[in-house]
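Subject: A structure for you to look at

Hi,

Here is the structure I promised to pass on. Have a look at it first, and then read my notes below.

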Amino acid sequence: MILSDTGSAPTPEALLGVEEQLLAELDGKACLWCGRAATGLYWACLLADCRNPGGDRPELILPAMVCATPANVALLAGWAPRFADCDPATGMITLDSVRERWTPRTRAVLFVHLYGQTADLEPLSSWCREHGATLIEDNAQALGARLPDGRPAGTLGAMAVYSFNPTKILQSGGGALLVRDQELAWRLRGLLARHHPSALLDAGRRAQLASSYRNLHHSLAALKRLLPSQDISVPFGRLRAAYDGLYLAPLKDAAALAAAWPELPAILERRREKAALYEQLLADDGPWSVLSGWRKSGVCWRFSLLLRDPERLVALSDAVRQDGFHVSNLYWELSSFFRPRDACPESDRFARRIVNLWVDDSQTLNDVRRCCESLKHHAQRR
Ligand SMILES: *Cc1c(COP(=O)(O)O)cnc(C)c1O
């Protein structure tokens, strides 16, 4: 099925082959193609069992160390986001950190395969089953990734979401929700049959609103960096809903997505080649450690360094950027935006130390070499 400009419709001819392949590989029961991973996640929230005695809002446990999109989408769908802390070595949530956030209102858990890394999700998946919570996997940064046991990422959740938008692994535009549970697949078909498209934003307004959101988010994160005791959740909470229109988007170009799909193995190989070079040039040779989860999963979204000293992050990233290289450290521990009571100290520490280096087709192997030289040069200069 697809969400297009004119509403929901059967999957277009162009995407049938891709859909069949994805369903077979992940033992999926239904696919919803749409404009964003955010839209897929919105539908996942609508599908997950959100009934709560007493009419309390259902709670979705999600990572504090990721972009704010999943939490914003949860709120849009009527859920309360709860933030789980991360494993200090990977930035990803763990069964223990999820358990700490459990309440009788917990109805779903979102596991994000961060930067292309994966994890053994069997314990989390059993825990979710025992506690009546739906496990959703976010594969936006991990298209094509393998779990430690060799199965594809996405095979343990009841649902998985994908993004094919710029900066992700395939960049043809679009997103998807994959449903692996037969009952949820029936519910999806029912919901779509009754779905009437609300007025969607046109591309120009969407771009302006997205830019305004980014500025707001970055300003508040910068303020928090300067004044750690400053509360930013109240002003953010007042403005947040103004951006709700960003998250629901139709799939514009099914043919472009279908055309990009067969390129995936070659794209992943080129990314791994750059990641291996970064690792060779940077491992144990600077004031950092490298994240090497991409080796096991086979997918490197960004090659990531964890600086030992958080105080050096901003100056070092700025210096390498001045030399002309892409360096990002976009994420800011999310509970400070949404729910300060869910403080996640490990995620806060991780966010202040992570440096993401680019491995996409905008970078050549030579760029990687020069970027490593720049990093090492500025790291030596104190
Ligand atoms: C980019 C991203 C999203 C959102 O993807 P869109 O297609 O832009 O909605 C969600 N989750 C993660 C982990 C992402 O990296």
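Leaving aside its neighbours within four places in sequence, which residues is Ala68 in contact with? Ala68 is in contact with Tyr213, His217, Leu334 and Phe338, where contact means heavy atoms within 4.5 Å. I'll come back to Ala68 after some background.

This is a predicted model, so local features need pLDDT of at least 70 and side-chain atom pairs count only at pLDDT 80 or more, while totals for chains, interfaces and linings use all residues. Residues are numbered from 1 along each chain as its sequence is written, and side-chain values use heavy atoms, with hydrogens and water left out.

**The whole chain**

The protein chain has 15 helices and 13 strands. Both are DSSP runs numbered from the N terminus: helices are H or I with at least four residues, and strands are E with at least two. Along its principal axes, the C-alpha trace spans about 60 × 45 × 45 Å.

The radius of gyration is 20 Å, which agrees with the value near 21 Å for a compact globule of 382 residues. That radius is taken over C-alpha atoms, and the globule rule is 2.2 Å times the number of residues to the power 0.38.

Of the 382 residues, 55% count as buried. Here buried means under 20% relative accessible area, exposed means over 50%, and partly exposed is in between (1.4 Å probe, protein chains only). The chain exposes about 16,400 Å², and carbon and sulfur atoms supply 52% of that; these areas come from the Shrake-Rupley method with a 1.4 Å probe, and for residues only the protein chains shown count as cover.

Among contacts with a separation of 6 or more, 71% are between residues 24 or more positions apart. As for charge, there are 45 positive and 43 negative side chains, and the centres of the two sets lie 4 Å apart. Lys and Arg count as positive and Asp and Glu as negative, with His and the chain ends not counted; each charge is placed at NZ of Lys, CZ of Arg, CG of Asp or CD of Glu.

**Back to Ala68, and the rings**

Ala68 sits in the loop between strand E4 (59-63) and helix H3 (69-76). Its relative accessibility is 5%, so Ala68 counts as buried. Ser335 is 267 residues away from Ala68 along the chain, yet their C-alpha atoms are separated by 9.8 Å.

Tyr213 and Phe338, both in contact with Ala68, also belong to a cluster that ring pairs build from Phe83, Tyr213, Phe236, Tyr243, Phe337 and Phe338. The structure holds 13 aromatic pairs. In one pair, Tyr42 and Trp43, the ring centres are 6.5 Å apart and the planes are at 85°, so this pair is edge-to-face. Rings of Phe, Tyr and Trp (its six-membered ring) pair if their centres lie within 6.5 Å; planes under 30 degrees apart are stacked, over 60 edge-to-face and the rest tilted. Tyr42 is buried at 17% relative accessible area, and Trp43 is buried at 4%.

**Two backbone angles to check**

Most residues other than glycine have a negative phi. Tyr115 is not a glycine, but has a positive phi of about 60°. You'll find Tyr115 in the loop between strand E6 (106-112) and helix H5 (122-130), and at 3% relative accessibility it counts as buried.

Thr167 is not a glycine either, and its phi is positive at about 85°. Thr167 lies in the loop between strand E8 (159-163) and strand E9 (175-179), and it is partly exposed, with a relative accessible area of 33%.

**Gly116 and Leu305**

Gly116 is also in the loop between E6 and H5, and is buried at 0% relative accessibility. Not counting residues up to four places away in sequence, Gly116 touches Gln141, Ala142, Ala145, Ser297, Val299 and Trp301. The C-alpha atoms of Gly116 and Leu305 are separated by 14 Å, with the two positions 189 residues apart along the chain.

Leu305 lies in strand E11 (residues 302-307) and is buried, with a relative accessible area of 0%. Beyond its neighbours within four places in sequence, the contacts of Leu305 include Leu282, Trp288, Arg353 and Leu375.

Happy browsing!
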